[in-house]
Number of protein chains: 2
Amino acid sequence: MAGTPGSDDVEARRPGGARRPVLTRHDVLVAALRLIDADGVDALSMRRLGRALDRDPMRLYRFAASKEELLDGVVELVLSELEIPSRRAGDWDDVLRRTARRFRQIALAHPHVVPLLVTRPLATPLALRPIGTLRPLEALLDLLAGVGFSPRGALHAYRLYMGFLQGHVLNELQERVHDPDETDDLLRLGLHRLPAREFPRLRSLAGELVVYDGAQELEEGLDVVLGGLCRQLDAELSTTRNRSGRNGVRGGP
Amino acid sequence: MAGTPGSDDVEARRPGGARRPVLTRHDVLVAALRLIDADGVDALSMRRLGRALDRDPMRLYRFAASKEELLDGVVELVLSELEIPSRRAGDWDDVLRRTARRFRQIALAHPHVVPLLVTRPLATPLALRPIGTLRPLEALLDLLAGVGFSPRGALHAYRLYMGFLQGHVLNELQERVHDPDETDDLLRLGLHRLPAREFPRLRSLAGELVVYDGAQELEEGLDVVLGGLCRQLDAELSTTRNRSGRNGVRGGP
DNA sequence: AGCGTAGCGCTACGTTGTAGACCCTACGTT
DNA sequence: AACGTAGGGTCTACAACGTAGCGCTACGCT
């Protein structure tokens, strides 16, 4: 995008005559992501980021108008890892399944980014969001519309699907405690701290909580959500069945 | 809770002889919530909160060990508004439905708290969370177990349900732009800024996006989720049908 | 009466995001 | 060749932040 027109050099002059690689927005975002991955969102400050890149912190404002926009950029960077396979690769519900798994993996790979992932869209209205964050939305809408969902139905389906995905990831990251050795005891002790009168069920679930299997729970949730979407599609298709059959290749669980 | 033992006065002395009402943790949390509701999470600072209460900011650390704990307290306060009706009041899926509506209303009433609502649990492991935030969890687990879910099934059902709710609320708040007059044009313009090549579907959905109806979408999502849970319960009950029928009163959509 | 102590408010420190001034370099014009 | 100017990179400075540390004060107990 901003190609700093007029300077074709790949290196920049320094006072001492030394040269250093020229910085790009991508470099900045990658460094920011690294900081967040390492120590959490709060650990990211313009100054620290500048130090990590060995640049003046003020320099960074060339690549992001504000810290907020920089955070949006990090979200965009992470979301760019989520590519939606084409429908060629399988049935539509299968595509959604694999996309969901991919999304989960990304979230687990960058747990500290998840708060940003779910929170930034609240601060940035859809129309002003970085393009990269809209690409999965478009791809999924296209997928859904392609198999016969009406525009409205596709949008609703997307919302249900993506909302479920966000909810699942939030749930799973909550369970994940950092020190797996102490988890068991700490959890039990923590739960037993609760008044037995008020929290009998929760206390009795300590054993269940420590054997959480996120991957399987995702699948179970997908069963429910995709099953529901499948039924909604059927309903849509049957109400408008006077129109000739679309190009949709259907079939579900 | 902390009743400041030893001082029965409801007023505190001031250097000038003036008296002022004694502060409670609840007062502090309410004031914090007010600040957040008015201007967002970032607008809450210990200093501003102190000013709002006309106290020394350091005083506040009597009621919360740190700002983080104060935020957890705000979440607890907001979540305390969510009471789960007893099953007497209807069938279990009906209870979940009404609880979901209530949750949505609370989120809409405190939109700026939602980031905290979904984010704080990531920072605070379950065992260390404020008791108030665990109460809905216990109540729902009790409800689910009461109608025949196994412990594991109840936990999974809770996660799916609550994850969906969080996802829905996040979705809905994203659509909600602050100035409803400009929403339409701004959104259209914003969408038309996107390259027509890459975003045909999204661009064509502008009209659909402006007529978002959160309440109805919640119901549709609930249809899917509760339907799925209902089926899961059936499956659970039929695999363990050798045991005599529990006290569960069943029946679904 | 004297002492211990627990709370209350203040000050101060290190850090934050970012506006604005500064300077230095490179180029267009005379 | 000399100069004006503009533009980008650097630095300083500011207001605000969370909170550790510390004296003071005023009370309860012996």
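1. With 21 C-beta neighbours inside 10 Å, A:Ala145 counts as buried, because the cut-off for a buried residue is 20 or more other C-beta atoms within that distance. This alanine of the predicted model sits in helix α6 of chain A. When its neighbours within four places in sequence are left aside, A:Ala145 is in contact with A:Pro151, A:Ala154 and B:Arg201, and the last of these names belongs to chain B. A further distance helps to place the residue: the C-alpha atoms of A:Ala145 and A:Leu155, which are 10 residues apart along the chain, are separated by 9.0 Å.

2. It is useful to step back to the chain as a whole. Chain A has 11 helices and 2 strands, and, read from the N terminus on, the two β elements come before the run of α elements. Buried residues make up 33% of the 253 residues in chain A. Among the contacts in chain A with a separation of 6 or more, 63% are between residues 24 or more positions apart.

3. How are the two copies related? Chain A can be laid on chain B with an RMSD of 0.0 Å, by a turn of 180 degrees and a shift of 0.0 Å along the axis. The two copies are therefore related as by a two-fold rotation axis. The same surface serves both copies, since 100% of the contact residues of chain A recur in chain B.

4. The contact between the chains takes 52 residues from chain A and 52 residues from chain B. On the side of chain A that touches chain B, the elements that give two or more residues are α5 (114-123), α6 (131-146), α7 (151-175), α8 (180-192), α9 (200-204) and α11 (214-239) of chain A. The largest share of that side, 15 residues, comes from α7(A). By class, the side of chain A that touches chain B has 30 nonpolar, 13 polar and 9 charged residues.

5. Helix α5(A), one of the elements named for that contact, deserves a separate look. Of its 10 residues 8 are buried, so α5(A) is largely enclosed by the rest of the structure. The buried residues are A:Val114, A:Pro115, A:Leu116, A:Leu117, A:Val118, A:Thr119, A:Arg120 and A:Pro121, a list that includes a threonine and an arginine. What covers these buried residues includes α3 (67-79), α4 (92-109) and α7 of chain A, together with α5 (114-123) and α7 (151-175) of chain B.

6. In soluble globular proteins, nonpolar side chains tend to be buried together. In this model the largest nonpolar core has 117 residues, and those with the most contacts inside it are A:Ala32, A:Val74, A:Leu144, B:Ala32, B:Val74 and B:Leu144. Taking one of these as an example, and leaving aside its neighbours within four places in sequence, B:Leu144 is in contact with B:Phe149, B:Ala154, B:Ala157 and B:Tyr158.

7. Which residues come closest to the DNA? Around DNA strand C there are 13 residues, and the closest are A:Ser45, A:Met46, A:Ser66, A:Lys67 and B:Met58. The largest share of this surface, 3 residues, comes from helix α2 (residues 46-53) of chain A. Around DNA strand D there are also 13 residues, of which A:Met58, B:Ser45, B:Met46, B:Arg47 and B:Lys67 come nearest, and here the largest share, 3 residues, comes from helix α2 (residues 46-53) of chain B. The surface near DNA strand C divides into 4 nonpolar, 2 polar and 7 charged residues, and the surface near DNA strand D likewise into 4 nonpolar, 2 polar and 7 charged.

8. For residues 22-82 of chain A, UniProt lists "domain: HTH tetR-type", in an unreviewed entry. The span is 59% helix and 0% strand, and its end C-alpha atoms lie 28 Å apart.

9. A detail of the backbone closes the note. Most residues other than glycine have a negative phi. A:Asp54, however, has a positive phi of about 60 degrees although it is not a glycine, and its place is in the loop between α2 and α3 of chain A. In the other chain, phi of B:Asp54 is near 60 degrees, and B:Asp54 lies in the loop between α2 and α3 (67-79) of chain B. Are these residues buried or exposed? With 8 C-beta neighbours inside 10 Å, A:Asp54 counts as exposed, and B:Asp54, with 8 such neighbours, counts as exposed too.

Terms used:
Residues are numbered from 1 along each chain as its sequence is written. Chains are lettered from A and ligands numbered from 1 in the order in which they are written. This is a predicted model: local features need pLDDT of at least 70, side-chain atom pairs count only at pLDDT 80 or more; totals for chains, interfaces and linings use all residues. Two residues are in contact if their C-beta atoms, placed from the backbone, lie within 7 Å. Helices (H or I, at least four residues) and strands (E, at least two) are DSSP runs, numbered from the N terminus. Ala, Val, Leu, Ile, Met, Phe, Trp, Tyr, Cys and Pro count as nonpolar, Asp, Glu, Lys and Arg as charged, and the others, Gly among them, as polar. A residue is near a molecule or strand if its C-beta atom, placed from the backbone, lies within 6 Å of it. UniProt positions are given in the numbering used here, feature names are shortened, and annotations may be inferred rather than shown by experiment. A residue is buried if 20 or more other C-beta atoms lie within 10 Å of its own, exposed if 12 or fewer, and partly exposed in between; C-beta atoms are placed from the backbone. A nonpolar core is a set of buried Ala, Val, Leu, Ile, Met, Phe, Trp, Tyr and Cys residues joined through C-beta atoms within 7 Å. Copies are superposed by least squares on the C-alpha atoms of residues with pLDDT of at least 70 in both.
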